[in-house]
Amino acid sequence: MKLISSEMWCVAALSLILLALTAVQGVQVPLVQGLKWGLGSRDDPREETVLQGRFSRTVNNHVEAMLIFVPLMLLAIHQGISNDMTRLSAQLVIGGRLAFIPLYLAGVFALRSLAFGVSLVGVAILVVQLL
């Protein structure tokens with residue numbers, strides 16, 4: 001049985017984070033806008049709460065982050081590039097995302113940008129490893 005690398009676990013973790021975000025976001029709709037509207041076609045738009053807007057932006061931001069990082073990490077895995085720096089990259093991306101999400105949802109000024117920056121440093125480290 002082949003063990004999954006920490007880099008591949010990072011890819012899986014990002015997917016699981018997205019799953020959790022979209023699940024929590026989806027639960028809010030019937031609670032706030034009503035079950036009938038939430039389970040319906042949603043043809044008549046309803047106003048979102050501030051938190052729903054933040055969840056929507058957080059999900060979009062996370063998808064964008066995944067679209068940048070995941071293909072690069074999969075390329076590294078495919079090329080057999082696995083070292084302390086790729087593992088550090090994975091840890092920084094996961095740590096940055098896990099810090100960014102609650103900070104953004106809570107509306108914390110500046111710290112959320114710092115957490116986002118940590119994630120970007122992780123991406124940059126990975127890019128250098130691919131060169």
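A residue counts as buried when its relative accessible area is under 20%, as exposed when that area is over 50%, and as partly exposed in between. The legends below use these words for a predicted model.

**Figure 1. Overview of the predicted model and its five helices.** The protein contains five helices and zero strands, and its elements follow the order α-α-α-α-α along the sequence. The C-alpha trace spans about 50 × 40 × 20 Å along its principal axes. Of the 131 residues, 32% count as buried. Among contacts with a separation of 6 or more, 74% are between residues 24 or more positions apart.

**Figure 2. The loop between α4 and α5, with A110.** A110 belongs to the loop between these two helices. Most residues other than glycine have a negative phi. A110 is not a glycine, yet its phi is positive, at about 70°. The relative accessibility of A110 is 40%. This value lies between the cut-offs of 20% and 50%, so A110 counts as partly exposed.

**Figure 3. The packing of helix α4 against helix α5.** The axes of α4 and α5 are 7 Å apart, and the helices pack at an angle of about 160°. An angle over 145 degrees counts as roughly antiparallel, and α4 and α5 are therefore roughly antiparallel to each other. The crossing in which α4 passes α5 is left-handed. On the side of α4, the residues that make the contact include M85, L88, L92, V93, G96, F100, L103 and Y104. On the side of α5, they include L111, A115, F116, V118, G122, I125, L126 and Q129.

**Figure 4. The aromatic cluster of F100, Y104 and F116.** A pair of aromatic rings is described by the distance of the centres and the angle of the planes. The structure holds two aromatic pairs. In the pair of F100 and Y104, the ring centres are 5.5 Å apart and the planes meet at 25°; planes under 30 degrees apart count as stacked, so this pair is stacked. F100 and Y104 are four residues apart in helix α4 (residues 84-105), which means that about one helical turn separates them. Both F100 and Y104 are buried.

F100 also pairs with F116, at 5.8 Å from centre to centre and with 55° between the planes, and this pair is tilted. F100 lies in helix α4 and F116 in helix α5 (residues 111-130), so the pair ties together parts that are 16 residues apart in sequence. F100 has a relative accessible area of 6% and is therefore buried. F116, in contrast, has a relative accessible area of 29% and is therefore partly exposed. Through these ring pairs, F100, Y104 and F116 are linked into a cluster.

**Figure 5. E7 in helix α1 and its surroundings.** E7 is located in helix α1. With a relative accessible area of 1%, which is under the cut-off of 20%, E7 is buried. The side chain of E7 is joined to the side chain of S82 by a polar contact of 2.9 Å. Leaving aside residues up to four places away in sequence, E7 touches M73, I77, S82, N83, T86, R87 and A90.

**Figure 6. Q25 in helix α1 and its neighbours.** Q25 is likewise part of helix α1. The relative accessible area of Q25 is 22%, so this residue is partly exposed. From C-alpha to C-alpha, Q25 and T58 are 9.8 Å apart in space, although they are 33 residues apart in sequence. When residues up to four places away in sequence are not counted, Q25 touches F55, S56 and V59.

**Figure 7. Q33 in helix α1 and its polar contact with Q52.** Helix α1 covers residues 6-33, and Q33 lies within it. The relative accessibility of Q33 is 10%, so Q33 counts as buried. A polar contact of 2.8 Å connects the side chains of Q33 and Q52. Q52 also appears among the residues that Q33 touches. Not counting residues up to four places away in sequence, these are Q28, R46, E47, E48 and Q52.

Conventions: Residues are numbered from 1 along each chain as its sequence is written. This is a predicted model: local features need pLDDT of at least 70, side-chain atom pairs count only at pLDDT 80 or more; totals for chains, interfaces and linings use all residues. Side-chain values use heavy atoms; hydrogens and water are left out. Rings of Phe, Tyr and Trp (its six-membered ring) pair if their centres lie within 6.5 Å; planes under 30 degrees apart count as stacked, over 60 as edge-to-face and the rest as tilted. Buried means under 20% relative accessible area, exposed over 50%, partly exposed in between (1.4 Å probe, protein chains only). A polar contact is a pair of N or O atoms within 3.5 Å; within protein, one must be able to donate a hydrogen and the other to accept it, and residues adjacent in sequence count only if both atoms are side-chain atoms. Contact means heavy atoms within 4.5 Å. Axes are lines fitted to C-alpha atoms, for helices over the stretch in contact, and angles run from 0 to 180 degrees between N-to-C directions. Angles under 35 degrees count as roughly parallel, over 145 as roughly antiparallel, 65 to 115 as roughly perpendicular and the rest as oblique. A crossing is left-handed if the near helix is turned anticlockwise from the far one by less than a right angle, and right-handed if clockwise.
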